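Reader: I would like a close look at one part of this model, the sheet, with what lies against it. Please explain the terms as you go.

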Amino acid sequence: MLVSAAEMLKAAKAGKYAVGHFNINNLEWTKCILQVAEELHSPVILGVSEGAAKYMCGFNTVAAMTKEILKTLGTTVPVALHLDHGSYDGAYAAMKAGFSSVMFDGSHYSIEENVTRTKQIIADAKALGISVEAEVGAIGGEEDGVIGGGEVADPDECKRIADLGVDMLAAGIGNIHGKYPANWAGLRFDVLAKIQEKTGTMPLVLHGGTGIPADMIKKAISLGVSKINVNTECQLAFAAETRKYIEAGKDLEGKGFDPRKLLAPGCEGIKATVREKMELFGSVNKA
């Protein structure tokens, strides 16, 4: 059964740990992330970008697939199915399809329009028991064609959005999607501290969790981050293990690859990444 992310993030904020958000791209990714979450007794958030949803034949397909996998695996830990960096229309489509959580990314709008659209989505989502994530200050890098320049959020604007009643807030603090460049200056903890001061018990979200040093992750959690998004690291792990399998020439036999065998090593790579992140985030045995 899918649940809103609200309660798991409130618990994470109070307990000084973070819930991992891991993006899914197909059945195999969904299955292996859920298996690790159950193994470690960790709550988990399955993230779905609009591009990934389109690839998987739409929001309805993704929601139905996830619910059936949960049922078949007998999953007992809290699981939220979350729209990642959703547009205004995308958020409504995901809610209608049965997602239990949505992110409306209004960071590219003026603060006034961001407030107006976010307020409407909150009102409609709350009526359905769906949690809402909002964003202030675009996250750097590119994800599904959404490009952000790594803006640093204004703490006062963060408070304004938080006061609307969102369940979690993503604020740009120098983090980026994808791999971090060698000259990356690091996270702006001074800004994060001010945002935490302004927003109080509001769970904060750190996007771009791939490649951020462990000490920075732990410090961010201590300053109010309760949800950390990981996507690129899973992609890299999946690709690396799949490549090893292909280059080893296994399972050829003149007949081509068995797709189930071909995908298995990559899935093990994802599992290892998810385990590592859940342990780092402190969410193990928190379900």
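Author: Start with strand 4 (residues 101–104), which is covered on both faces: S101 and M103 on one side are buried, and V102 and F104 on the other side are buried too. Buried means under 20% relative accessible area, exposed means over 50%, and partly exposed lies in between, with a 1.4 Å probe and protein chains only. In a regular strand the side chains alternate between the two faces of the sheet. Strands are DSSP runs of E with at least two residues, helices are runs of H or I with at least four, and both are numbered from the N terminus.

Before going further, some ground rules. This is a predicted model, in which local features need pLDDT of at least 70 and side-chain atom pairs count only at pLDDT 80 or more, while totals for chains, interfaces and linings use all residues. Residues are numbered from 1 along each chain as its sequence is written, and side-chain values use heavy atoms, with hydrogens and water left out.

Strand 4 pairs with strand 3 (residues 79–86) in the parallel sense, over 3 bridges. Two strands pair if DSSP finds at least two bridges between them. Across this pairing, G86 stands opposite F104 of strand 4.

These strands belong to a closed barrel of 8 strands, in the order 1-2-3-4-5-8-9-10, with parallel pairing. On average, neighbouring strands of the sheet are turned by 25° against each other, direction ignored. Such angles run from 0 to 180 degrees between N-to-C directions, and the axes are lines fitted to C-alpha atoms, for helices over the stretch in contact. Helix 11 (residues 259–281) packs on the sheet and touches strand 1 (19–23), strand 2 (44–49) and strand 10 (225–230). The direction of helix 11 makes about 155° with that of strand 1. Contact here means heavy atoms within 4.5 Å.

Strand 1 is mostly covered, with 5 of its 5 residues buried. V19, H21 and N23 point one way from strand 1, and G20 and F22 point the other way. Strand 1 has a parallel pairing with strand 10 over 4 bridges, in which G20 has I228 as its bridge partner. Strand 1 also pairs with strand 2, again in the parallel sense, over 3 bridges. There, F22 is matched with L46.

Elsewhere in the barrel, strand 5 (residues 131–136) runs parallel to strand 8 (residues 168–171), and 4 bridges join them. In this pair, A134 stands opposite L169 of strand 8.

L169 also appears in the lining of the largest cavity, together with A171, I173, L192, L204, V205, L206 and V225. Strand 8 and strand 9 (204–206) are the elements that each give two or more residues to this lining. Strand 9 gives the most, with 3 residues. By class, the lining has 8 nonpolar, no polar and no charged residues. Ala, Val, Leu, Ile, Met, Phe, Trp, Tyr, Cys and Pro count as nonpolar, Asp, Glu, Lys and Arg as charged, and the others, Gly among them, as polar. The volume of the largest cavity is about 30 Å³, and a search of the whole structure finds 1 cavity of 30 Å³ or more. On a 1 Å grid over the protein atoms alone, a cavity is a set of points where a 1.4 Å probe fits but cannot get out; a pocket is an open set with protein on both sides within 12 Å along at least five of seven lines, and lining residues have an atom within 4 Å of a point. Grid points are joined across faces, edges and corners, and a volume is the space filled by probe spheres set on the points.

Helix 11 takes part in a pocket as well. The second largest pocket has a volume of about 210 Å³, and its lining includes L27, K31, R260 and K271. Helix 11 gives the most to this lining, with 7 residues. Helix 2 (27–39) also supplies at least two. The lining divides into 6 nonpolar, 1 polar and 5 charged residues.

Last, P78 sits in the loop between helix 4 (59–73) and strand 3. P78 counts as partly exposed because its relative accessibility is 27%. Leaving aside residues up to four places away in sequence, P78 touches V3, M8, P43, V44 and A287.
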